[in-house]
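Visitor: Hey, could you walk me through how the helices sit against each other in this one?
Guide: Sure, let's have a look together.

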Amino acid sequence: METQSVIVCRCEEVDLKQLLETAERYSCSSRELKLRSRAGMGYCGGRTCRLLVDSIVQQLTDTQASNEIPLKHQPPVRPVTFQNLGGGLS
């Protein structure tokens, strides 16, 4: 399996190769990389890929995250109860 074909953001289907190319081309911060690639902007709001995007930028720039504008995850737009998920049976 090719390492760079690994999907980093499952929601937006962004792979490692796309992130590396974008980060190298634009010399972006984590936030810029997120905005340019849409990694972390999908349904989960970055809960699964946010740390990976941060670590990719840290490795490429050889710096620690500044946390001036940290990547954050967003909760779902509307919470769903277990009753609604289970079909409303009581």
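**Helix contacts**

Guide: This is a predicted model. In it, Leu 16, Leu 19, Leu 20, Ala 23 and Glu 24 of helix 1 touch Val 53, Ile 56 and Leu 60 of helix 3.

Visitor: How many of the residues in the contact of helix 1 with helix 3 are nonpolar, polar or charged?
Guide: Seven are nonpolar and one is charged, with no polar ones in that contact of helix 1 with helix 3.

Visitor: OK, and at what angle do helix 1 and helix 3 pack?
Guide: About 45 degrees, and their axes are 11 Å apart. Helix 1 covers residues 16–26 and helix 3 covers residues 50–61. An angle of 35 degrees or more is no longer roughly parallel, and perpendicular starts at 65, so helix 1 and helix 3 are oblique to each other.

Visitor: Is the crossing of helix 1 and helix 3 left-handed or right-handed?
Guide: Helix 1 crosses helix 3 in a right-handed way.

Visitor: Switching over: which residues does helix 1 use to meet helix 2?
Guide: Helix 1 uses Leu 19, Thr 22, Ala 23 and Tyr 26, and on the helix 2 side you'll find Leu 33, Arg 36 and Ser 37. This contact of helix 1 with helix 2 divides into four nonpolar residues, two polar and one charged.

Visitor: And what's the crossing angle for helix 1 and helix 2?
Guide: Roughly 120 degrees, with the axes coming within 10 Å; helix 2 is residues 30–37. That makes helix 1 oblique to helix 2. The crossing of helix 1 past helix 2 is right-handed.

Technical notes:
Residues are numbered from 1 along each chain as its sequence is written. This is a predicted model: local features need pLDDT of at least 70, side-chain atom pairs count only at pLDDT 80 or more; totals for chains, interfaces and linings use all residues. Side-chain values use heavy atoms; hydrogens and water are left out. Axes are lines fitted to C-alpha atoms, for helices over the stretch in contact, and angles run from 0 to 180 degrees between N-to-C directions. Helices (H or I, at least four residues) and strands (E, at least two) are DSSP runs, numbered from the N terminus. Angles under 35 degrees count as roughly parallel, over 145 as roughly antiparallel, 65 to 115 as roughly perpendicular and the rest as oblique. A crossing is left-handed if the near helix is turned anticlockwise from the far one by less than a right angle, and right-handed if clockwise. Contact means heavy atoms within 4.5 Å. Ala, Val, Leu, Ile, Met, Phe, Trp, Tyr, Cys and Pro count as nonpolar, Asp, Glu, Lys and Arg as charged, and the others, Gly among them, as polar.
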